[in-house]
Amino acid sequence: MPTEIRQIILNEEEILLAVASYRRVREDIVPAGDVHWVMPAGGGKFSIEVVSRLGGEENRKRVTVDNPIMVEALTRFYIENNIIVPDAGRRLARYSEKGWFLEVMRSGEELDRASIAKVADGASFDQVSDVLETCDG
């Protein structure tokens, strides 16, 4: 059974924008202020530092978030920026020497559903048949 793994990579500036954008809709998770940095914290968690300024005084807060929160933040950023993200599959937020990325892994039935969806979106039957033949072996 074939498996597709897609990695959608962000640079350092984009990850800061992604977390800042996410904070606007989930203030309960990321505190107010400028997102200063995002770093892996081990165990699939991520550490975020936010800097706020009040009356000339700088206040730094750090929060640790689980992988599903980062997945949600990255997915939201991609959608806001018209970057196509597969709608099915296992998603993980990761960091490597390449940068920050969302990894989407899908196989079997998820790939078949994606191929059928292409027909609904206007792909030719030949294009979808090629994908289905690849999925079948």
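The following questions and answers go through a predicted model of one protein chain.

Trainee: What are the ground rules for residue numbers and for the values in this model?
Mentor: Residues are numbered from 1 along each chain as its sequence is written. The model is predicted, so local features need pLDDT of at least 70 and side-chain atom pairs count only at pLDDT 80 or more, while totals for chains, interfaces and linings use all residues, and side-chain values use heavy atoms, with hydrogens and water left out.

Trainee: What is the mean pLDDT of the chain?
Mentor: pLDDT is the predictor's confidence in each residue, from 0 to 100. Over residues 115–137 it stays under 50, and there the model has 13 contacts (heavy atoms within 4.5 Å) beyond four places in sequence. Across the chain, 78% of residues reach 70 or more, and the mean pLDDT is 79.

Trainee: In which order do the helices and strands run?
Mentor: Helices (H or I, at least four residues) and strands (E, at least two) are DSSP runs, numbered from the N terminus. The chain has 4 helices and 6 strands. From the N terminus on, the order is β-α-β-β-β-α-β-β-α-α.

Trainee: What percentage of the residues in the chain is buried?
Mentor: Buried means under 20% relative accessible area, exposed means over 50%, and partly exposed is in between, with a 1.4 Å probe and protein chains only. The chain has 137 residues, and the buried share of them is 36%.

Trainee: Which element supplies the largest share of the largest nonpolar core?
Mentor: A nonpolar core is a set of buried Ala, Val, Leu, Ile, Met, Phe, Trp, Tyr and Cys residues joined through side-chain atoms within 4.5 Å. The largest one holds 27 residues, of which Leu10, Val38, Ile48, Met70, Leu74 and Tyr78 touch the most other members. At least two residues each come from β1 (3–10), α1 (12–25), β2 (34–42), β3, β4, α2 and β6 (99–107). The largest share, 6 residues, comes from α2.

Trainee: Which residues does Met70 touch, leaving aside those up to four places away in sequence?
Mentor: Met70 is one of the buried residues of α2, along with Asn67, Val71, Ala73, Leu74, Thr75, Phe77 and Tyr78. In soluble globular proteins, nonpolar side chains tend to be buried together. Met70 touches Ile15, Val19, Val38, Phe46, Ile48, Val65 and Ala93.

Trainee: How far apart are the end C-alpha atoms of α2?
Mentor: The expected span of a helix is 1.5 Å times one less than its number of residues. For the 14 residues of α2 that should come to 20 Å, and the model agrees, with the end C-alpha atoms apart by 20 Å.

Trainee: Which residue meets Glu80 in a salt bridge?
Mentor: A salt bridge is a side-chain nitrogen of Lys or Arg within 4 Å of a carboxyl oxygen of Asp or Glu. An α-helix has 3.6 residues a turn, so residues three or four places apart point the same way. Glu80 and its partner both lie in helix α2 (residues 67–80), 4 residues apart, about one turn of the helix. At 3.2 Å, N to O, the partner is Arg76.

Trainee: Is Glu49, the partner of Arg60 in a salt bridge, buried or exposed?
Mentor: The closest N and O atoms of Arg60 and Glu49 are 2.7 Å apart. The pair links distant parts of the chain, with Arg60 in strand β4 (residues 57–65) and Glu49 in strand β3 (residues 45–54), 11 residues apart. Arg60 is partly exposed at 42% relative accessible area. Glu49, at 3% relative accessibility, counts as buried.

Trainee: Which residues are linked in a network of salt bridges?
Mentor: The count of salt bridges comes to 12. One of them joins Arg53 and Glu58 at 3.4 Å, N to O; Arg53 counts as exposed at 54% relative accessibility, and Glu58 as partly exposed at 42%. The network links Asp34, Glu49, Arg53, Glu58, Arg60 and Arg62.

Trainee: What is the relative accessible area of Asn82?
Mentor: Asn82 lies in the loop between α2 and β5 (90–96). Its phi is near 55°, a positive value in a residue other than glycine. Asn82 is exposed, and its relative accessible area is 70%.
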